[in-house]
Amino acid sequence: MQQSRREFLITGTALAAASILDAPIQVAKANVAGHRLTASAGRIPLLGADAPETKVWTYNGNVPGPVLRLRRGERFELDFENALQQPTTVHWHGLRVPNDMDGVPVLTQAPVAPGGRFRYAFELRNTGTYWYHPHFQSAEQVDRGLHGVIIVEDDDPPAVDRDLLWVLDDWRLDGQGQIVNDFGNLHDASHQGRFGNTASVNGRVPEDLEVQSGERIRLRLVNTANAWIFGLDFVAHSPTVIAYDGHAVEPHQPTGGLVIVGPSQRVDVILDLNAAPGERFEVIDRYYSRQPYKLLDLVYGQNRLRSKAPADKAALPPPDLPLPSLATAERHEIVFSGGAMGGMQSARYDGQETGIRELARKGKIWAINGTVASKHDEPPVLKLRRGHSYIIEFVNETAFTHPIHLHGHPMKVLEANGRKPAWDLWRDTLLLEARARGTVAVMADNPGRWMLHCHIPEHQEAGMMAVVQVD
Ligand code: C2O
Ligand code: CU
């Protein structure tokens, strides 16, 4: 049986002997020799040096995969090799790449067969924090560890003492510290997705992060979990958000004090460390308010770096994105339905109106505009004209929160979950709460067939995906 998150946390922490400082928490320099990336099975010391290693799937032998530090305007080329036993692809989440480099099986490329290779090449058009992962059977492939971060350096970065990366993830582990092999079960698919019992930072169950009094840190948070939404409370510290999903935002303190990072989302924050030397503070995930989860401790070293962290605003240059014209935009509605307690009776599946019981037997229970996707290359739910602007209203008729992701085009958020953002807000993934609405504007400037899907892969694979075509 599975242990509860709490029970497991106690075990997990006891097993984790290695300090978090041993984990690759600091952003590495670009470390892919000639940009070669290989997906293969491997093992990592997820629970620490004294616990059995966990069998995972890796990029270049580790989880997370290599940090790709790149520059805007640069042409990125990478030779990918698939050493897994099943086909895969690499998707560049949030990057505005040409359609044939987007890594979506069948829709934009043939899946890379076991032993096969594929050369990805594109130009980097925007700065910020992004990530890469498979788009083939992602419920299993991403969960087993296939993911890595891309950092496109800012042209004029704010001055900080350290630029740190936390890849947030979760794992459903058994008592031996191994991944529970129950992928694709109908319960996960029809409820909140595959939820783990153990959280990790940069592929390790973390202990302490040593900080210095007076230090200013830029922290890049990336959520690679299938379903776990993080809402981080930096107890006694007030982080300033400077970017969402890679795109600069007016610096601000998050509403309610929690830094919320949904599956696949990124948040860059500035963390000023102004407590006294020797103090210790927890960082706690409080998104699920009845199940707070301690992630790690910030531990102040004995020395002061300076009397107080710098007080300047640390804004990033504004994002350089094609602006949708709201005055001329055409409006469309995208309705999400289905799932447990969603009340959906039937939906179109493979061209036929199909009852919910039969859909459930096929493991398909979510629909977009009344259609349950059976494959990646469905007929388009929206056809957009290149160079035109669109306002898309997302309507969540389901009983669950969904991270809604559009490929190829950042979305300007006009309203989400009953709130209008107080500043210009761009996202590639919008966290749409249960029975809530969200309105975004998009400038259709990138031709091709693009995925629109829930980033909980259990939901996506159970039908919650669609194609948006731009001609
Ligand atoms: Cu992060 Cu369609 O993907
Ligand atoms: Cu979903």
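## Close-up views of a predicted model

**Figure 1. R194 and D182 form a salt bridge in which the closest N and O atoms are 2.7 Å apart.** In this predicted model, R194 lies in the loop between α3 (186-190) and β10 (198-201), while D182 belongs to the loop between β9 (162-171) and α3, so the pair ties together parts that are 12 residues apart in sequence. With a relative accessibility of 1%, R194 counts as buried, whereas its partner D182 is partly exposed, having a relative accessible area of 23%. This contact is one of the salt bridges in the structure, which number 38.

**Figure 2. A salt bridge joins R280 to D297, with 2.6 Å between the closest N and O atoms.** The two residues come from distant parts of the chain, R280 being in strand β18 (residues 280-285) and D297 in strand β19 (residues 293-304), 17 residues apart. In this pair the arginine, R280, is partly exposed, with a relative accessible area of 47%, and the aspartate, D297, is buried, with a relative accessible area of 7%.

**Figure 3. K412 and D424 form a salt bridge whose closest N and O atoms are 3.5 Å apart.** Here again distant parts of the chain are linked, since K412 sits in strand β28 (residues 411-416) and D424 in the loop between β28 and β29 (426-427), 12 residues apart. K412 has a relative accessible area of 17% and is buried, because the limit for that class is under 20%.

**Figure 4. A network of salt bridges links R69, E153, D154, D163, R218, R220 and D268.** As general background to this view, side chains of opposite charge can pair when their charged atoms come close. The arginines in the network are R69, R218 and R220, and the acidic residues are E153, D154, D163 and D268.

**Figure 5. The copper ion (ligand 2) is coordinated by H402, C454 and H459.** The donor atoms are ND1 of H402, SG of C454 and ND1 of H459, at 2.0 to 2.1 Å from the copper ion, and along the chain these donors follow the spacing H-x51-C-x4-H. H402 lies in strand β27 (residues 402-406) and H459 in helix α5 (residues 457-461), so the two histidines tie together parts that are 57 residues apart in sequence. Both histidines are withdrawn from the surface by the accessibility criterion: H402 counts as buried at 1% relative accessibility, and H459 is buried with a relative accessible area of 0%.

**Figure 6. The largest pocket holds about 630 Å³ of space.** Its lining is made up of 24 residues, among which Y244, T255, R419, L425 and R427 lie nearest the centre of the pocket. By residue class, the lining divides into 16 nonpolar, 4 polar and 4 charged residues. Strands β14 (240-244), β16 (259-261), β28 and β30 (429-432) each supply at least two of the lining residues. Domain 2 (162-304) and domain 3 (330-470) each contribute at least three residues to the lining of this pocket.

**Figure 7. P379 is found in the loop between β24 (371-372) and β25 (382-384).** This proline is exposed, with a relative accessible area of 61%. The C-alpha atom of P379 is separated by 6.7 Å from that of V467, although the two residues are 88 residues apart along the chain.

Key. Residues are numbered from 1 along each chain as its sequence is written. Chains are lettered from A and ligands numbered from 1 in the order in which they are written. This is a predicted model: local features need pLDDT of at least 70, side-chain atom pairs count only at pLDDT 80 or more; totals for chains, interfaces and linings use all residues. Side-chain values use heavy atoms; hydrogens and water are left out. A salt bridge is a side-chain nitrogen of Lys or Arg within 4 Å of a carboxyl oxygen of Asp or Glu. Helices (H or I, at least four residues) and strands (E, at least two) are DSSP runs, numbered from the N terminus. Buried means under 20% relative accessible area, exposed over 50%, partly exposed in between (1.4 Å probe, protein chains only). Donors are N, O and S atoms within 2.8 Å of the metal (3.2 Å for Na, K and Ca); water is not among the atoms, so sites may look incomplete. On a 1 Å grid over the protein atoms alone, a cavity is a set of points where a 1.4 Å probe fits but cannot get out, and a pocket is an open set with protein on both sides within 12 Å along at least five of seven lines; lining residues have an atom within 4 Å of a point. Grid points are joined across faces, edges and corners, and a volume is the space filled by probe spheres set on the points. Ala, Val, Leu, Ile, Met, Phe, Trp, Tyr, Cys and Pro count as nonpolar, Asp, Glu, Lys and Arg as charged, and the others, Gly among them, as polar. Domain bounds come from an automatic or database domain assignment.
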